[in-house]
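Please take me through this model in the viewer, one selection at a time, and tell me what is to be found at each stop.

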Amino acid sequence: MLRVDQAGEYGATRIYAGQLAVLRRNCPEAKLVARMASQEQRHLDRFNRLMSDRRVRPTALQPIWNVAGFALGAVTAVMSEKAALACTDAVETEIDRHYSEQLRQIGADDPELASDIAEFREEEIEHRDIAREAGATTALGYPLLTAAIRAGCRVAIELSKRI
Ligand SMILES: [Fe+2]
Ligand SMILES: [Fe+2]
């Protein structure tokens, strides 16, 4: 669980880094993204800490998520500001699903991990809602774009559990 969660938070920081590299500084979307990115960094730091405490190795796919995450962020931001928000909408929808499933699996077995995941899940849902309120759903090709990104996230999650 820690391996896939750390991979996801790492990917999130890379997506936002890709978007921030492209978005005009000071546009409203860039400000939203910068704030969300700092929360992803906090999530990542926490999972890094837990991984070293519990001696869990990171996914071997990290170098791929580094490049793929940045590329996804950059490409969506090049498409448009709203497409960048649609990317957040899609990614956070899958992360919410993933964390909810983990919380069900953990139950009362690991209160420390469960409380972190529950807290981060709240923030991911907030990110999704911020993106929607800022116009994510008005992005050109929203249904197809978000379906494709969500499918990609699900594949990345399954791979990071295994490798
Ligand atoms: Fe996160
Ligand atoms: Fe997030």
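The radius of gyration used here is taken over C-alpha atoms, and the rule for a globule is 2.2 Å times the number of residues to the power 0.38. Keep in mind throughout that this is a predicted model. Begin with the whole protein chain shown as a C-alpha trace: for its 163 residues a compact globule would have a radius of gyration near 15 Å, and the chain has 15 Å, so the two agree. Along the principal axes, the C-alpha atoms fill a box of roughly 45 × 30 × 30 Å.

Now switch to a cartoon and colour by secondary structure, which shows six helices and zero strands, the order from the N terminus being α-α-α-α-α-α. If you then colour by accessibility, buried residues account for 48% of the 163 residues. Contacts drawn between residues at least 6 apart in sequence join, in 84% of cases, residues at least 24 apart.

**The iron ions**

Select the iron ion (ligand 1) and show the side chains that donate to it: Glu9 (OE), Glu9 (OE), Glu40 (OE), His43 (ND1) and Glu124 (OE), at 1.9 to 2.6 Å from the ion. Along the chain these donors are spaced as E-x30-E-x2-H-x80-E. Next add the iron ion (ligand 2), which lies 3.8 Å from the iron ion (ligand 1), and notice that Glu40 coordinates both.

Keep Glu40 and His43 selected and bring back the cartoon of helix α2 (residues 28-53), where both are found three residues apart, or about one turn of the helix. Glu40 and His43 are also both buried.

**The largest cavity**

Hide the ions and compute the internal voids. Rolling a probe the size of a water molecule over the atoms shows where empty space is left. How many cavities of 30 Å³ or more does the count give? The count comes to one, and the space in the largest cavity is about 50 Å³.

To see its walls, select Ala12, Ile15, Tyr16, Glu40, Thr88, Val91, Glu92, Ile95 and Glu124, which line the largest cavity; Glu40 and Glu124 in this lining are also donors of the iron ion (ligand 1). Helices α1 and α4 each supply at least two residues of this lining, and the largest share, four residues, comes from α4. Sorted by class, the lining of the largest cavity holds five nonpolar, one polar and three charged residues.

**The largest pocket**

Move on to the largest pocket, in which about 440 Å³ of space lies. Helices α1 (2-22), α3 (62-79), α4 (81-106) and α6 (142-162) are the elements that give two or more residues to its lining, and the largest share, eight residues, comes from α1. Of the 23 lining residues, centre the view on Gly11, Ile15, Gly152, Cys153 and Ala156, which lie nearest the centre of the pocket. Colouring this lining by class gives 15 nonpolar, six polar and two charged residues.

**Gly73**

For the last stop, select Gly73 in helix α3. Is Gly73 buried or exposed? Its relative accessibility is 0%, and Gly73 therefore counts as buried, the cut-off for that class being under 20%. Leaving aside residues up to four places away in sequence, Gly73 touches Ile15, Gly18 and Gln19. Finally, draw a C-alpha to C-alpha distance from Gly73 to Ser38, which gives 15 Å in space for two residues that are 35 residues apart in sequence.

Key:
Residues numbered from 1 in each chain as written. Chains lettered and ligands numbered in written order. Predicted model: local features only at pLDDT ≥ 70, side-chain atom pairs only at ≥ 80, totals over all residues. Heavy atoms only, no water. Donors = N, O, S within 2.8 Å, 3.2 Å for Na, K, Ca; no water. Buried < 20%, exposed > 50% of the residue type's maximum accessible area, 1.4 Å probe, protein only. 1 Å grid on protein atoms, 1.4 Å probe; cavity = no way out; pocket = protein on both sides within 12 Å on 5 of 7 lines; lining within 4 Å. Points joined across faces, edges and corners; volume = space filled by probe spheres on them. Nonpolar A, V, L, I, M, F, W, Y, C, P; charged D, E, K, R; others polar. Contact = heavy atoms within 4.5 Å.
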